[in-house]
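Got a structure open and not sure where to look? Let's walk through it together.

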Amino acid sequence: MTRTIIAANWKEHPVTMKDARRLFDATMRAAVASPQAEVLVCPPAIFLEELAARMPRGARNASLGAQDVFWEEEGAFTGSVGPRMLKAIGVRYVIIGHSERRRVFGETDAIVNKKVRAAYAGGLMPIVCVGEPPEVRRKGVAAARRHIAQQLARGLKDVFSRGSHESGARGIIVAYEPLWAIGSGKNDSPVDAAAMAAFITSSIKRPSAKVLYGGSVDSANVREYVQLKEIDGALVGGASLVAKEFAALIRRSLAK
Ligand code: PEP
């Protein structure tokens, strides 16, 4: 069964473990009630281990993801968390190259590339974020495509080439998140997002690649995106932090 992927990016929320538990439990109830959705929850790293232990048995369609990973497994890298540490506590996915990591923490495509390789080597599935800033989009769709093509070419450089360590990796998830749409309430039009998703799929040339749209997705608009064949799901920030809203979003993503 091909499931619609609904990924929750909690960012630096909530502040307490108690609130994280509450939000996670409600999200898991919603996931169990919608087995045709693949629900990925990406909380702050500090909550991952406890939430992994709380994953309900019936939630076969739910997984945990990290919001970032370092490219070295271990060593003198203060503040870092490596792929095997994540894998060992039950994490399956990792967001790499989110625009906030790029903007606030100075991550480049070269860093994204190292992290993607490390994720595969450590047995994690990367969710690689790409997206153009508003000044590029203002120049038109062709400019936006060039921007995305460059992010993909650099971020995934040699990742799938023959003989590379990761060439056996089965799939990849790319999240198309135009920067002007993130957290702004100004979501991209579904038709434009689908056209960019198709462009991303054809650029990657991996039959098993999945493309998510992210940027102000909520329960009211999610269906407009995921019903389009080019879009495999959504990466959701703000709306994933409100339990009722996210449950409605999961439900409506599957509505006929
Ligand atoms: C995100 O941060 O990945 C995101 C899409 O945020 P929001 O849904 O709040 O726009």
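What follows is a chat about this predicted model.

Reader: Okay, pockets first. How many residues line the largest pocket, and which come closest to its centre?
Author: The largest pocket has a volume of about 730 Å³. Its lining is made up of 30 residues. The closest to the centre are A45, Q67, D68, R101 and F105.

Reader: Which helix gives the most to the lining of the largest pocket?
Author: Look at α2 (45–54), α4 (99–105) and α5 (109–121), since each supplies at least two residues of that lining. With 5 residues, the one that gives the most is α4.

Reader: And what classes do the residues of that lining divide into?
Author: There are three groups to look for here. The residues lining the largest pocket split into 8 charged, 6 polar and 16 nonpolar.

Reader: What about closed spaces: how many cavities of 30 Å³ or more does a search of the whole structure find, and which elements give two or more residues to the lining of the largest cavity?
Author: The search turns up 1 cavity of that size, and about 30 Å³ of space lies in the largest cavity. Its lining consists of G97, H98, S99, R102, C129, V130, G131, Q151, E177 and L179. Two elements give two or more residues to this lining: α4 and β5 (125–130).

Reader: How does the lining of the largest cavity break down by class?
Author: Count through the lining by class. The largest cavity has 2 charged, 3 nonpolar and 5 polar residues around it.

Reader: Now the ligand. Which residues come nearest to it?
Author: There are 14 residues around the ligand. Those that come nearest are K11, E177, G183, S216 and G237.

Reader: How far is an oxygen atom of the ligand from a polar atom of K11, E177 and G183?
Author: For E177, an N or O atom in the side chain is 2.7 Å from a ligand oxygen. G183 uses a polar backbone atom, at 2.6 Å from an oxygen of the ligand. For K11, a polar side-chain atom lies from a ligand oxygen at 2.5 Å.

Reader: Which residues of strand β8 point one way, and which the other way?
Author: In a regular strand, side chains alternate between the two faces of the sheet. Strand β8 covers residues 233–236, and all of them are buried. One way point G233 and L235; the other way point A234 and V236.

Reader: Which strands pair with β8, and which of their residues stand opposite L235?
Author: β1 (residues 4–9) pairs with β8 in the parallel sense over 4 bridges. β7 (residues 210–214) also runs parallel to β8, joined by 3 bridges. Opposite L235 stand A7 and G214.

Reader: Is S253 buried or exposed, and which backbone oxygen does its side chain reach?
Author: S253 sits in helix α10 (residues 243–253). Its relative accessibility is 0%, and buried means under 20%, so S253 counts as buried. At 2.7 Å, its side chain reaches the backbone oxygen of I250.

Reader: Last one: why does F77 count as partly exposed, and how far apart in space are F77 and G185?
Author: F77 is in the loop between β3 (62–66) and α3 (83–88). Partly exposed covers values between 20% and 50%, so F77 fits there because its relative accessibility is 34%. F77 and G185 are 108 residues apart in sequence, and C-alpha to C-alpha their separation in space is 37 Å.

Note on methods. Residues are numbered from 1 along each chain as its sequence is written. This is a predicted model: local features need pLDDT of at least 70, side-chain atom pairs count only at pLDDT 80 or more; totals for chains, interfaces and linings use all residues. Side-chain values use heavy atoms; hydrogens and water are left out. On a 1 Å grid over the protein atoms alone, a cavity is a set of points where a 1.4 Å probe fits but cannot get out, and a pocket is an open set with protein on both sides within 12 Å along at least five of seven lines; lining residues have an atom within 4 Å of a point. Grid points are joined across faces, edges and corners, and a volume is the space filled by probe spheres set on the points. Ala, Val, Leu, Ile, Met, Phe, Trp, Tyr, Cys and Pro count as nonpolar, Asp, Glu, Lys and Arg as charged, and the others, Gly among them, as polar. Buried means under 20% relative accessible area, exposed over 50%, partly exposed in between (1.4 Å probe, protein chains only). Two strands pair if DSSP finds at least two bridges between them. A residue is near a molecule or strand if one of its heavy atoms lies within 4 Å of it. A polar contact is a pair of N or O atoms within 3.5 Å; within protein, one must be able to donate a hydrogen and the other to accept it, and residues adjacent in sequence count only if both atoms are side-chain atoms.
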